[in-house]
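Subject: Structure handover

Dear colleague,

Here is the structure I said I would pass on. Please open it alongside this message.

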Amino acid sequence: RHGTIVALLREESEAFRRGYADLMAAFKSRNQFGNLPLGLRCNTWVVPPCLSAERAEDRRILPSEDPACMGDVGGNLSGKERDWDSEFRRSAAMPGNNPAERVARDHRLFLLWSHFVDEAVVTAITGKGGSKRFLEIDRRAEEGKLSSEMGHGGSKGSGEREASLLKGLLADENTIARDVDTLAKVTIHFNGEVIEVASARNVGDSPGQWPLGDEPALKEGIRALNVHGLREHVCHAAPWDGGEGKDLLGELLASAEFPEEDLTPPKLRWELVFSWVQHLKETEKAASLGLRRKLRLQCGSDEGEKALREAIGEDRWNQLAKLNLGLHRCTLEQLMDLANRFYSDVAIAKIVSDFESLELSPIDGQTLTDFLHSRGINMRFLGRLATMSSKNLIHIHHLCVQEMIVRSVKRIVRAILARPNELVAKASALASLFNDLFGNRKAVWDWIRRFTKARFGYEVSGNIADGLQLAILRDICKRCGVELKAKTYNFASKSPFKASDVISFFPVIKCLQFQSTDARDLLEQAKGLLDKGKLDDAVLASTSALSKIVAVCGSAQSACCANAFSLLAVVLYHTGDFVQAAVLQAKALAINEREFGLDHPDTIKSYGDLAVFYYRVGEVDLALAYVERALYLLHLCVGEQHPNTAATYINIAMMEESKGRVGLSLRYLQEALKINQRLLGGDHVQTAASYHAIAIALSLMEPPLYPLAVQHEQTCLEILDAKLGPDDLRTQDAIAWLEYFDLKAQEGEGATECNIASKGHMSVKELMDFIGEEAEEAKTKSVGGKREAKRKSKTKREKKRSKTPDSVLKEQRSGSSSGSCTNSSGEEVDEVDVLVVQQRRKDLKKKVEEPKGPVAKVEVRVEADEGGWMPVLSKRERRSSSRDSNKLQEAREVVRQVREVKKKPVVQKDKKEEERKEEVLNPHARLFHPKMNPNAKEFVPRFKLEVE
């Protein structure tokens, strides 16, 4: 009857029910950023076992979504009527001439937009909602036939392209806020239907504008809508024959159409035109008037100016003329040609350059799509992007090919869901599709190759590589709204998927993501200042961006604040404020987990960054827990072959070094080096970072391998000098490191022989094998049979035995002195001490020479009051003449001087040993020797800004 103990106690005890409600309310009010103590939300493409039961009565929703446990699916819902269109237009008409006015206007628009999106989604799917009268809901079925023209990525006509062109040319800080038609529109793909929801115009009997205090987004404890809570379950309780599903898939593939005529031209995005205008402004600033004269010579004319005035109107023409770029003297056709030329010659090449520098580092198809759309690049150019990145950016090439495959399969999935069959039949067809896709069946892959060739102009060769099956399956499910059972899928088997593995379908939402333009510009400015090393200015810019975003959203718990929290945490981390950086990053992580789910790219990045921050504050075990979770999610989403995975390996190695596991650290670093060399090339900056990290690890081994560290740091310096130049801070750091390692290597040449230095850049496996071989050889030589082992053991014990001055003198006389010996305290006595004793002995012989009898024998005994060895004369000598007493005093003086000589080198050696351990074996060693450069910063491998 009851799914949880809380549900049982709430029903049985009124006091518990009231107390539990008060506890949850207090938690919401006091813990602003933390999620409720009810576990995570089910907001990803796999569902837990409690939701995957075959019978409906056996399914239980998670406590975070169960109203009985004070959970819910979230959403800004009110249940009251609201005239969306009139309020959107009234808010968009607010003034925006300065930042303060834009903040006030954007605050109104954001609260209205977030309420509209949640109400539109819930009303369209459930049919419930208080504002249904003020919404226009258009439903249609997905395309039921496969064709290369499927989708809505093409331009509907020249009018749409001209509107996008003008919007991009005249774009400013108010463009997004003024676009009411786009703000008040939501597109939903759900279970074979396309539902378009927009604000209804001229409804009449309007309730008027809502007061600002009535906005649902301003209430405490409001969370974003979890669209997975609106899922539609597939009932697998009844017996089912999967033949209908296979027939449905075969029918779709057999009827696929590929028209010979050209496809619809790709859609012109206004973001591309805006990027073009910004590029012209930067070029104008750099080249003075050269670009403007060139444009006037090629395109500008009086006839073009007159035609453009008539086409766009006087007001728009004046705005275009104020840009002072010469574009106002061109016709619309000429402007369109110039924009297309920028598209093909500059825009695509620039984003490839950003991918190469790791300024942009997508880890899945959705982040790749977002990056391309933000630059105005249509997804129809994926084929060209894949070709351009096939040599130097292997991970981008694989990601583009993966995205083309996912978009091809998405057409098949939507066509299956559009059929008027039962849900269980659709689930069976999807299982057959997945089996054919990952089993490399000919029919499905023929469709994929033909579609990618016709749609993207790219020929897919080969099948899905091992290790990427889960990444592609994840992308397909998230794009098509399919939830699968959480279990291990054996992709090597013939049929890894069954109809019962498809649990439910959830809605996929597409809408404009409203944000403050001023805050976005401040975030980009802060990133640029951070890259330039201007930390104070970066702190100011990132703090201003965060405060502006909070002012617009009305709450610091919004998903829009997560990126600002994360960036500010990274900036503070570089300033050395590790504690505050960890606090801010923990807030960003809580928001990302709640809003986007565990396997979202922003959540993964938050895990990795928070792990580095915890490491810097000394919480190494906690840091390892977070970074291992980030690594697991990266393997799930993108596989091992990605620069972010290599950066995570470096971070794990850094943490393992601090735990004393240098050997394990070296293995992680070697894997990171292999990945960077394969994906980015041997001369990339990230590859240089891998060489530097390996050099650090080699210097921390016991004994330190400084010659190998010198070789790796030399390679790092050569790469940085070629890529960044000698004046870059990272190059200067590498120079200081190299000098430090070289100095340590020279100091250790006389004391320790390092044969491994002649091996060059060895892999970790080869390095460990070589060390093991030398250890085995030494072991074999030292044993050599039982007799030899006993002799070695006896010799070793004799060496450890304390030696007296008499024995030392005896060894020196016999010529069998060694490089070092030990005194009674077990301390080593340098060879210099022995030579001094020998010389003083000779001098003593000359002074105390006697004509009769031998030289008095010098015995030794322990003087308890002094704690050392003292020479003592025999009874006969003590009864001798005054000349003998003078000899005794001289002998004591000699031994006293010997003891003083012996003490000094030992003390110096102890100090030197302590300095070596403190400077080299410290896991938190500074970026380079502090005596060489006391103002240097610490080296911390991190994500490319990436912390990432």
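Below are notes on the sheets, two helices and the cysteines.

Please bear in mind that this is a predicted model.

Four-stranded sheet. Four strands form an open sheet in the order S1-S6-S7-S5, and their pairing is mixed. The edges are taken by S1 (46-47) and S5 (232-233); each has a single partner strand, so one side of each lacks a neighbour in the sheet. Within this sheet, S6 (residues 482-485) and S7 (residues 502-505) are antiparallel and share three bridges. Val482 is found opposite Phe505 of S7. Helix H17, which spans residues 423-438, lies across S5, S6 and S7, and runs at about 115 degrees to S7.

Strands S2, S3 and S4. S2 (residues 135-141) pairs with S4 (residues 193-199) over seven bridges, in the antiparallel sense. S3 (residues 185-190) is also antiparallel to S4, with six bridges joining the two. Val197 in S4 is a useful landmark for both pairings: Ile137 stands opposite Val197, and so does Val186. S3 and S4 form a hairpin with two residues between the strands, where Asn191 has a positive phi near 50 degrees.

Helix H16. This helix covers residues 394-418, 25 residues in total, and spans 36 Å from its first C-alpha to its last, close to the 36 Å expected at 1.5 Å a residue. H16 is mostly covered, with 24 of its 25 residues buried.

Cysteines. How many disulfides does the structure hold? The count is zero. Cys480 is in no disulfide, and its nearest cysteine sulfur, belonging to Cys477, is 7.6 Å away. For Cys561, also in no disulfide, the nearest cysteine sulfur is that of Cys553, at 4.6 Å. A disulfide here requires two cysteine sulfur atoms within 2.5 Å, so neither of these distances qualifies. Are Cys480 and Cys561 buried or exposed? Cys480 has a relative accessible area of 9% and is therefore buried. Cys561 is buried as well, at 0% relative accessibility. The cut-off for buried is under 20% relative accessible area.

If you look at one region first, I suggest the strands around Val197, with Ile137 opposite in S2 and Val186 opposite in S3.

Regards

Notes: Residues numbered from 1 in each chain as written. Predicted model: local features only at pLDDT ≥ 70, side-chain atom pairs only at ≥ 80, totals over all residues. Heavy atoms only, no water. Pairing = 2+ DSSP bridges. Contact = heavy atoms within 4.5 Å. Axes fitted to C-alpha atoms, helices over the stretch in contact; angles between N-to-C directions. Expected span 1.5 Å × (residues − 1). Buried < 20%, exposed > 50% of the residue type's maximum accessible area, 1.4 Å probe, protein only.
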